[in-house]
Amino acid sequence: MSKYDIIQVEHEEDFFWCLYEKDTEQAINFFLFKDDAYEKKDFLEKGGAFNGFTPSFILKEVNLPKTSVEINKNFEELLE
């Protein structure tokens, strides 16, 4: 039994292919080409990555705040 589905999605008159993980009910990735989606699905079905249980934090986008602090300078100060 397959752990993943490929679903065609329409958005603003464009079509995408969504790789969907059944057990976690998460969209893993979106592809412009159907062949790319099936290639990734095949890789994951064969045990690649998290073996059908992708942690949700892996899929969340992280927006880091922009800072003007020079991080290397802070490390140099700690080492002195």
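Which residues does Ile6 touch, not counting residues up to four places away in sequence? The list is Trp17, Cys18, Leu19, Ala37, Tyr38 and Lys41. To see where these residues sit, let us walk through the structure, keeping in mind that the model is predicted.

## The overall layout

The chain has 80 residues, with three helices and three strands. If you read along the sequence, you meet them in the pattern β-β-β-α-α-α.

A few totals help to set the scene. Of the residues in the chain, 19% count as buried. The chain exposes about 6900 Å², and carbon and sulfur atoms supply 53% of that area. Among contacts with a separation of 6 or more, 35% are made by residues 24 or more positions apart.

## The sheet

The three strands form an open sheet in the order β1-β2-β3, with antiparallel pairing. β1 (4-11) and β3 (26-31) stand at the edges, and each has a single partner strand, so one side of each is left without a neighbour in the sheet. From one strand to the next, the twist averages 30°. As background, strands of a sheet pair through backbone hydrogen bonds, either parallel or antiparallel.

Eight bridges hold the antiparallel pair of β1 and β2, the latter covering residues 14-21. Five bridges join β2 to β3. Cys18 is a handy landmark here: this residue of β2 stands opposite Ile7, and its bridge partner in β3 is Phe30. The hairpin of β2 and β3 has four residues between the strands, and in this hairpin Glu25 takes a positive phi near 55°.

## A helix on the sheet and the core

Now add helix α1, residues 34-45, which packs on the sheet and touches β1, β2 and β3. The direction of α1 makes about 155° with that of β1.

Which residues make up the largest nonpolar core? There are eight: Tyr4, Ile6, Trp17, Leu19, Ile28, Phe31, Ala37 and Leu44. β1, β2, β3 and α1 each supply at least two residues of this core. In soluble globular proteins, nonpolar side chains tend to be buried together.

This brings us back to Ile6, itself a member of the core. Among the residues that Ile6 touches are Trp17, Leu19 and Ala37, and these three belong to the core as well.

## Two salt bridges

How many salt bridges does a search of the whole structure find? The search finds two. Side chains of opposite charge can pair when their charged atoms come close.

One salt bridge links Asp5 with Lys22, with the closest N and O atoms 3.6 Å apart. Asp5 lies in strand β1 and Lys22 in the loop between β2 and β3, so the pair ties together parts that are 17 residues apart in sequence. Are these two residues buried, exposed or partly exposed? Asp5 counts as partly exposed, at 30% relative accessibility, and Lys22 is partly exposed too, with a relative accessible area of 29%.

The other salt bridge is formed by Asp42 and Lys46, whose closest N and O atoms are 3.2 Å apart. Asp42 counts as partly exposed at 39% relative accessibility, whereas Lys46 is exposed, with a relative accessible area of 66%.

How values were computed: Residues are numbered from 1 along each chain as its sequence is written. This is a predicted model: local features need pLDDT of at least 70, side-chain atom pairs count only at pLDDT 80 or more; totals for chains, interfaces and linings use all residues. Side-chain values use heavy atoms; hydrogens and water are left out. Two strands pair if DSSP finds at least two bridges between them. Axes are lines fitted to C-alpha atoms, for helices over the stretch in contact, and angles run from 0 to 180 degrees between N-to-C directions. Contact means heavy atoms within 4.5 Å. A salt bridge is a side-chain nitrogen of Lys or Arg within 4 Å of a carboxyl oxygen of Asp or Glu. Buried means under 20% relative accessible area, exposed over 50%, partly exposed in between (1.4 Å probe, protein chains only). Accessible areas come from the Shrake-Rupley method with a 1.4 Å probe; for residues, only the protein chains shown count as cover. A nonpolar core is a set of buried Ala, Val, Leu, Ile, Met, Phe, Trp, Tyr and Cys residues joined through side-chain atoms within 4.5 Å.
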